[in-house]
Amino acid sequence: MKRASSPHTATRIGLWSGVAFGLCFVTGLLSHLLQHPPGWFAWPTRPVGLYRVTQGVHVTAGVAAIPLLLAKLWTVHPKLFERPVVRSLPHALERGSIFVLLGASFFELVTGLFNAAQNYPWRFFFPPAHHAVAWIAVGSLLVHIAVKLPLMRTPAEQVRRGTLSRRGFLLTTGGAAAVAVLATAGGTVPWLRAVSVLGARSVELPVNRTAASARVSAVDDDWRLTVGARRFSRRELEALPQTTAELPIACVEGWSASARWTGVPVRDLLALAGVEPGDVRVESLERDGLYRASTLPAAHARDPSTLLALRVNGETLPLDHGYPCRLIAPSRPGVTQTKWVTRLEVVR
Amino acid sequence: MRWVIGAVGVVMGLWGAVLVLPLVDVDLALWFVAGPVVHDVLLAPLFAGVGLLVARWVPPRWRAAVLVGGTFTGVLVLLAVPLLWRPFAGSRNPGLLDRDYPVGLLVAVGVVWAAVLVTTAVVRERPRADR
Ligand code: HEM
Ligand code: HEM
């Protein structure tokens, strides 16, 4: 079965994968900036589900890109095994850039997919590696587009011999991407939950880090929340005016779920303690781990729906959700929504 | 235009190289080359082989259905790998994997095959338009 080159189809599927990669790149960088904000970076508090959408798009577009990448490679199959391997210096550079593009693309898709399932068959630390290779993937993709630009206007192949017609092949590719999305997106799109048989976290309100794995045991009556010079018991917090807000937990791993949280706005607590508002460091009872403390940007600390939540969906906060109280702020990554809070401190 | 896109790409790629350099070890290098190598020596021949088998053994009327069903099945199986093959998973996390994935995979594959086979059986064969 000898197949000829088909630049028209390669461009079509290339464009689809290019869009998916672009979405992943932009949303991935946003997620990075949110977790490690440089001075110039500001992130809005509205809409409350903004991070839920950007990170959901990241993982969904990434999953869709897996069949797209394979379809792209199937289309250009004859070119990958062309002989001679190298014809000239420019040709060698082009082959090299294609190798880098493929290495980086597979790296991003496979490490991302495994990381979202908390499965780590490697020794490197995922976020910086996935981040660095993202630049290589998108950089080599732009080089690829520049190299192939003259071919993009090629008319559609007249006839493509084989079982599937050209249209049939494109439809199958789109169908495969749709199947991939339907099978996994339930973790972030509630009405797909029943359909997404390969989705992680299918319950109403998932728990990522349990109290046991954070080594936080039952909290007794001695617990106090420290805000500046003030200390509050849980009963004192309950006696303060309460606010209820519908806010999502949106994990960096792409799943998300919305809930009704009730508690005291952080800005009220700062005002009661008489401290000037600003960026707020939030500390947890957790003894160690990357996420035992977080910094709440001033804009979020000022927001009336940023709460120290005492209740969720009308019930006392369960220990696994952060009893005696947890931070819940609009439009923030889940890892920064610190649980088992003990201290709020304005840092600048 | 071409040159601008290419230059931006080169600069972004170099920035990625600067970021990745301090992280590089044998493990990361292997992960980088593994994708293209596994594709070229394993996936591509596998797909081509399946294509040939289908062309030889499956009656023409059912060939497209078998290829489409096979493609969708392959995608579902790939997506299930990180959920089912977990010797390297982080510590057990009860909130993470909270459904029966082997059964879910079988059901999804069953639905896919039922759909393509029923579609093929119902749609009367029309003269093949080749594009
Ligand atoms: C993630 C994205 C992409 C990957 C991994 C990818 C991969 C590839 C590979 C491996 C080839 C074979 C090249 C060769 O051996 O010479 C190829 C060819 C090609 N690609 Fe892409 N590509 C991607 C995106 C794009 C985009 C965005 C476009 C255009 C908008 C595009 C247009 C083309 C064209 C026109 C060819 C030539 C096909 C031929 O001559 O038969 N690709 N691509
Ligand atoms: C071409 C495709 C992709 C690109 C360019 C890309 C890019 C990025 C970037 C730049 C980050 C930020 C890393 C940081 O915080 O420093 C990121 C994070 C992430 N990506 Fe991707 N990504 C891609 C595909 C995927 C896929 C397919 C998945 C999963 C299905 C995925 C899952 C994740 C996860 C879970 C994070 C959060 C990491 C963390 O903060 O702990 N990515 N991605």
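**Figure 1. A:Asn313 sits in the loop between β7 (307-312) and β8 of chain A.** This is a predicted model, like every other view here. The residue to look for is A:Asn313, which has a positive phi of about 50° even though it is not a glycine. Here is the background: most residues other than glycine have a negative phi, and most peptide bonds are trans. Is A:Asn313 buried, partly exposed or exposed? With a relative accessibility of 40%, A:Asn313 counts as partly exposed.

**Figure 2. A:Trp340 is another non-glycine residue with a positive phi, again of about 50°.** You'll find A:Trp340 in the loop between β9 and β10 (341-346) of chain A. How much relative accessible area does A:Trp340 have? The value is 0%, so A:Trp340 is buried.

**Figure 3. A:Thr342 lies in strand β10 of chain A.** Its relative accessibility is 17%, so A:Thr342 counts as buried; the cut-off for that word is under 20%. Which residues touch A:Thr342, once its neighbours within four places in sequence are set aside? Start with A:Trp223, A:Arg224, A:Leu225 and A:Thr226, which are among its contacts. Then add A:Glu283, A:Ser284 and A:Leu285, which are in contact with A:Thr342 as well.

**Figure 4. Two peptide bonds leading into prolines of chain A are cis: A:Arg46 to A:Pro47 and A:Tyr323 to A:Pro324.** For the bond from A:Arg46 to A:Pro47, omega is near -10°. A:Pro47 belongs to the loop between α1 (7-35) and α2 of chain A. For the bond from A:Tyr323 to A:Pro324, omega is near 10°. Where is A:Pro324? Look in the loop between β8 (315-316) and β9 (326-328) of chain A.

**Figure 5. A:Lys72 and A:His144 are the protein donors of the iron atom of ligand 1.** A:Lys72 offers its NZ atom and A:His144 its NE2 atom, and they lie 1.9 to 2.0 Å from the iron. What is the geometry of this site? It is octahedral, with angles of 79 to 179° among the six donor atoms of the iron. As a yardstick, the ideal angles for six octahedral donors are 90 or 180 degrees. Now for where the two protein donors come from: A:Lys72 lies in helix α2 (residues 50-75) of chain A and A:His144 in helix α5 (residues 126-148) of chain A, so this pair ties together parts that are 72 residues apart in sequence. A:Lys72 is buried, with a relative accessible area of 15%. A:His144 counts as buried too, at 15% relative accessibility.

**Figure 6. A:His58 and A:His130 are the protein donors of the iron atom of ligand 2.** Each uses its NE2 atom, and they lie 2.0 Å from the iron. The site of this iron atom is octahedral, with angles of 85 to 180° among its six donor atoms. Why does this pair tie together parts of chain A that are 72 residues apart in sequence? Because A:His58 lies in helix α2 of chain A and A:His130 in helix α5 of chain A. A:His58 counts as buried, at 14% relative accessibility, and A:His130 is buried with a relative accessible area of 15%.

**Figure 7. Chain A and chain B meet in a contact that takes 78 residues from chain A and 61 residues from chain B.** The size of an interface is often given as the accessible area lost when the parts come together. Here, chain A and chain B bury about 5,900 Å² between them, and 73% of it is on carbon and sulfur atoms. How many salt bridges cross the interface of chain A and chain B? There is one, and it links A:Arg123 to B:Asp27, with the closest N and O atoms 3.9 Å apart. You can also look for 11 residue pairs in polar contact across the interface. On the side of chain A that touches chain B, α2, α3 (77-80), α4 (89-116), α5 and α6 (166-184) each supply at least two residues. The largest share of that side, 13 residues, comes from α5(A).

**Figure 8. A:Thr172, in helix α6 of chain A, has contacts in chain B.** Neighbours within four places in sequence aside, A:Thr172 touches A:Leu164 in its own chain, along with B:Val68, B:Thr71 and B:Phe72. A:Thr172 counts as buried, at 9% relative accessibility.

Methods
Residues are numbered from 1 along each chain as its sequence is written. Chains are lettered from A and ligands numbered from 1 in the order in which they are written. This is a predicted model: local features need pLDDT of at least 70, side-chain atom pairs count only at pLDDT 80 or more; totals for chains, interfaces and linings use all residues. Side-chain values use heavy atoms; hydrogens and water are left out. Donors are N, O and S atoms within 2.8 Å of the metal (3.2 Å for Na, K and Ca); water is not among the atoms, so sites may look incomplete. Four donors count as tetrahedral if all angles lie between 85 and 135 degrees; four count as square planar and six as octahedral if opposite donors are over 155 degrees apart and all others between 65 and 115; anything else is irregular. Helices (H or I, at least four residues) and strands (E, at least two) are DSSP runs, numbered from the N terminus. Buried means under 20% relative accessible area, exposed over 50%, partly exposed in between (1.4 Å probe, protein chains only). Contact means heavy atoms within 4.5 Å. Buried area is the accessible area (1.4 Å probe) that two parts lose on being put together, summed over both. A salt bridge is a side-chain nitrogen of Lys or Arg within 4 Å of a carboxyl oxygen of Asp or Glu. A polar contact is a pair of N or O atoms within 3.5 Å; within protein, one must be able to donate a hydrogen and the other to accept it, and residues adjacent in sequence count only if both atoms are side-chain atoms.
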